[in-house]
Amino acid sequence: MEALSLPAALSLVAGGGAGLSPERRAGLGPDRAAPRSRLYSLNCLDWSLLTPATKEMLALIEQVKGRFQGDPSFEYNLSEINAEAAARLIESGKEPVIKEEARLIATIEQIDRAVGIVPRGAFVKTPLGPVHENRHFEGLSLVEAKKLSSYFHFTEPVNLKNKTLLEKADLDPSTDFLDSLEHDIPRGSWSIQLEKGGTVVVLRSLLWLGLTFYHVPTTKQFGYVYFGTGEKNLDLPFML
């Protein structure tokens, strides 16, 4: 059976009481905050699975500047970029090169960590730890949707851990388990606008130019896309 015919096939055999939940149909695991699988394509027809990003990858790509070449097998010579970093790799018995595929993996991870966001209340954290979609979430009100504090980074929190017990007293641990955008540094790294006649709230990242998030207030519709060069806007602090 072809993957494209799976939704139709499931509805045809549902009379027997068997089927898949929406999460399983989408290939989602029980914990929505768990690491996700990522795919890439050069022609939008053939897709390859990307391996998870490692700490070493994230550290090494900080040395690489400039645009991507468009070839996953292309190798950046670290000796020409950062001699010290290259020497460390050589000492550990590794080639002083970074493949473009590794750079892509680490860049996607960076973007998701820095600007991958969700509306407050869209997900809930259970007492046992896993994060699930909040089935009672009906969207933010228009008033709340225009506030940066109504949006969270969908990644491991950093600022939340530094809050005092007094600051945490007013938080709901089931929904306020992530970092809010209102505390992002540098301040002013997000633009928020109403579009489509005021029916859609759009947030754009000025740190990762090309990242656009949308939410239709009072509905469950939200998400984000990134169309960019894969380069962080390091000049942002001087532009604000």
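In this predicted model, 6 aromatic pairs are found. One of them joins Phe74 and Tyr76, whose ring centres lie 5.0 Å apart and whose planes meet at 80 degrees, so the pair is edge-to-face, a class that calls for an angle over 60 degrees. The two partners differ in their cover, for Tyr76 is buried, with a relative accessible area of 8%, whereas Phe74 is partly exposed, with a value of 31%.

A further edge-to-face pair is formed by Phe137 and Phe222, with 6.4 Å from centre to centre and 85 degrees between the planes. This pair links distant parts of the chain, since Phe137 belongs to the loop between strand S7 (131-133) and helix H7 (142-145), while Phe222 belongs to strand S12, and the two residues are 85 apart in sequence. Phe137 has a relative accessibility of 8% and therefore counts as buried, the limit being under 20%; Phe222, at 23%, is partly exposed. Both residues are also members of one aromatic cluster, which is completed by Phe123, Tyr151, Phe154 and Phe213. Elsewhere, an aromatic ring is accompanied by a charged group, as Arg103 lies over the face of Phe68 at 4.2 Å from the ring centre.

The strand that carries Phe222 is part of a hairpin. Strand S12 (residues 222-226) pairs with S11 in the antiparallel sense over 5 bridges, and Phe222 is the bridge partner of His215. Between the two strands of this hairpin there are 6 residues, and Thr218 takes a positive phi near 60 degrees.

Phe123 and Tyr151, named above as members of the aromatic cluster, are also, together with Trp190 and Leu203, the residues with the most contacts inside the largest nonpolar core, which has 22 residues. Two or more residues of this core are given by each of helix H6 (100-115) and strands S5 (117-119), S8 (151-153), S10 (200-205) and S11 (211-215). A second, separate core has 16 residues, including Met57, Leu78, Ala86 and Ala102. Within the first core, Trp190 may be examined in detail: when neighbours within four places in sequence are left aside, the contacts of Trp190 include Ala114, Val115, Ile117, Leu148, His153, Leu181, Leu203 and Leu211.

For the chain as a whole, 9 helices and 12 strands are assigned, and 31% of the 240 residues are buried. Of the contacts between residues at least 6 apart in sequence, 57% join residues at least 24 apart. The chain exposes about 15300 Å², of which carbon and sulfur atoms supply 57%.

Technical notes. Residues numbered from 1 in each chain as written. Predicted model: local features only at pLDDT ≥ 70, side-chain atom pairs only at ≥ 80, totals over all residues. Heavy atoms only, no water. Core = buried A, V, L, I, M, F, W, Y, C linked by side-chain atoms within 4.5 Å. Buried < 20%, exposed > 50% of the residue type's maximum accessible area, 1.4 Å probe, protein only. Helix = DSSP H or I, 4+ residues; strand = E, 2+ residues; numbered from the N terminus. Contact = heavy atoms within 4.5 Å. Areas by Shrake-Rupley, 256 points an atom, 1.4 Å probe, with all protein chains shown as cover. Pairing = 2+ DSSP bridges. Phe/Tyr/Trp six-rings, centres within 6.5 Å; stacked < 30°, edge-to-face > 60°. Lys NZ or Arg CZ within 6 Å of the ring centre and 35° of its normal.
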